[in-house]
Amino acid sequence: MKTGRNEPCPCGSGKKYKHCCLAAATAAPEQPEDLTWRRLRRLLDEWQRDMLRFVTNVYGPDAIEEAWHEFLLDDETPFDPESIHLQVFMSWLYHFWSPDSIETKVRDKALHDAIPTAEYLRKKRHLDPLLRQYLESCLAAPMSVFDVLRVDPGRGMSLRDILTGADHEVTERSASISMDEGDLIFGQVAQAGGMALLETCQGFVVPPIWKVEVLNFRQRQFQGGTTVAPQTLRDCDLEVLGLYHAIARRVLEPKLPALQNTDGEALSLRKVVYDVPSAQEAFDALKHLALDDNDDDLLHDAGRDAQGGLASVQFSWLKRGNQRNPGWENTVLGSIQIDGTRLTAEVNSKEREKELRAIVGKAFGERARYRATRIQSAEKLLSQAPAAAVRANEAASLAELPEAKAKIAEMMAKHYEHWVKEKIPALGGRTPLEAVADPAGREAVEALVRQIERDGERMAPPLDPSIVRSLRERLRLG
C-alpha cells in the first residue's frame, strides 16, 4: 500500500514520510542535468563562504549590519545570524543591496551604489564559467513571489511568478520535500547550465490564503497590471521586502483573532439575572422565543412543585435564519432558564443582552426586577482552553459516527453553495462568482478555494472532496 506524504514514515523514525524517506523512495536514475546540478551546487557552496569574506573585507565590517537594517526596514534591530529570515537576507545582500552614498560608510567611495555580486564578478576574473553565468543571472532576476504549481519531491518544482507571470521549472532538492502545491515562495530564481535553481526561499511555509495579499500588492503597486516586467520588479525590491515582512509577521506571530458569535458580534459571555413573579408567568411570557417548539416539547423535562405547578424549565432563545450562514434554518441567541422566581438568561454578546432586556422589559414591565449581569472575560475563556480541547475531542469522536458525518457533509455542502454568492472582504467585497469574471479576481478565488481544500483535509471528519469539486465546477475553475 502506498504511503501518503503526510503519514508517519514506515521506517519508524517518527517523522512524516515527506520529511524522511520520500526523497529516496522517489529518486529517479541520474540524468545529465544531475551532474550539472551537483557541479553548480559545489561551486555555490564554495562561493557562499568566499562571498561572506569578500563583503566583510571589501565593504567593511559594518556593511552587514547596515544592510540588515535596510532589509528589515528597521534601524534598531541588531543583525541576528540565527534569524529565520537569514537565507532571504543573504541573497538580497549579495544581489540587490548597495552602499548608500550618504548613510553607509565604506572603505572605498567607489563602492557606493555597487552591488556586492557585481563587484565580486568584476574583481574575480577567473571564475568558473558556470558560476559566473549563475551570478550574472542573480543580478538580472527580480526578488518575487512564486506560486507552487507542482512538486516533484526531492527533485524540483513548477513555479509561477505571481508578479511577472513567468513560469519556471526549478531543480530543487530540499524545498521540494517540504513544499506543497499552492504554497507561496518569496525568493529569486536564477539560471545556469540550462537549468533554473531557486536561489533563495523563506524558511517557513506560506499557505495559499496569502496569495490574495500578494495579488492586492500587485494591484496597488503596479496600477492594476496583471504582469510586471522583470526589471521593473527588480527595481522594487524594497517594496517586495515590505510585503514579505508584512506576511511573515502574520504567519510567524499570528494574533488571536477577534472572537465573534454567529452574527459577527464581539464575543462576550453574559449571564443576565432577573426576579420574576412566577415560573409559569415567565414561561408564558417568553416561550415564543423558542419559535416553533410547542408547550409539550418545551415542558417535557420541566420541574414541578408539590401541587403540580411549574417550578423550573429551560429552553433556547432562537431566531429564524442567519445573516452570515444563509443555509441555517435557525440561530441560537441564548439559553433561558427559569427556576421558581429566578430567571437566568445566558447570551454571548452585549447586543444580545440589550435585546433580551428589551424583551423582558416589554413582557413584564415593573413586575420583573433586573438583578445583575455577570460577564466572563476573554482571558478566562482562554484559560479554559484545555477543557475546551477535551470537549472538542469528544465532539470529534461523535463526528465519526456515520449519521453525524452525513449531517456534517450536508451542512458543509449548503454552506459552500451559499458561499459563492457571499460578499468576501478578501475579494474587495465581491462574491466569488463575481470575482472569477476577471483574471486577477480569478487568481484570488483560486487561492481561497485551494485554502478551503487544504483546511478541509485537516477537519474532523475531513471535508468531503466532492464539495470542493462542486465548488470548482460552479466557479469554473480548472
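What share of the contacts between residues at least 6 apart in sequence join residues at least 24 apart? In this predicted model, the share is 60%.

**View 1. The whole chain has 19 helices and 11 strands.** The chain runs to 478 residues. Of these, 41% count as buried. The next views pick out one sheet, two helices that pack on it, and a separate pair of helices.

**View 2. Six strands form an open sheet.** Read across the sheet, the order is S7-S8-S9-S10-S6-S11. The pairing is antiparallel. Strand S7 (303-304) and strand S11 (369-376) are the edge strands. Each has a single partner strand, so one side of each lacks a neighbour in the sheet.

**View 3. Strand S6 pairs with the edge strand S11.** S6 covers residues 269-275. Seven bridges link S6 and S11, in the antiparallel sense. Pick out Tyr274: its bridge partner in S11 is Tyr370.

**View 4. Two helices pack on the sheet.** Helix H11 (residues 279-286) touches strand S8 (310-320), strand S9 (330-339) and strand S10 (342-347). The direction of H11 makes about 15 degrees with that of S8. Helix H13 (residues 350-364) touches S6, S8, S9, S10 and S11. The direction of H13 makes about 15 degrees with that of S6.

**View 5. S7 and S8 form a hairpin.** Five residues lie between the two strands. Gly308 sits in the turn, with a positive phi of about 90 degrees. Two bridges pair S7 with S8 in the antiparallel sense. Arg304 stands opposite Leu310 in S8.

**View 6. S8 also pairs with S9.** These strands run antiparallel and are joined by nine bridges. Here, find Gln314: its bridge partner in S9 is Gln337.

**View 7. Helices H3 and H4 cross.** Two packed helices are described by the angle between their axes and the distance between the axes. H3 spans residues 63-72, and H4 spans residues 86-95. Their axes come within 10 Å and cross at roughly 110 degrees. The two helices are therefore roughly perpendicular to each other. H3 passes H4 in a right-handed crossing.

**View 8. Side by side, these residues make the contact of H3 with H4.** From H3 come Ile64, Ala67, Trp68, Glu70 and Phe71. They meet Val88, Phe89, Trp92 and Leu93 in H4. By class, the contact has eight nonpolar residues, no polar residues and one charged residue.

Definitions and conventions: Residues numbered from 1 in each chain as written. Predicted model: local features only at pLDDT ≥ 70, side-chain atom pairs only at ≥ 80, totals over all residues. Heavy atoms only, no water. Pairing = 2+ DSSP bridges. Helix = DSSP H or I, 4+ residues; strand = E, 2+ residues; numbered from the N terminus. Contact = heavy atoms within 4.5 Å. Axes fitted to C-alpha atoms, helices over the stretch in contact; angles between N-to-C directions. Parallel < 35°, antiparallel > 145°, perpendicular 65-115°, else oblique. Left-handed = near helix turned anticlockwise from the far one by under 90°. Nonpolar A, V, L, I, M, F, W, Y, C, P; charged D, E, K, R; others polar. Buried < 20%, exposed > 50% of the residue type's maximum accessible area, 1.4 Å probe, protein only.
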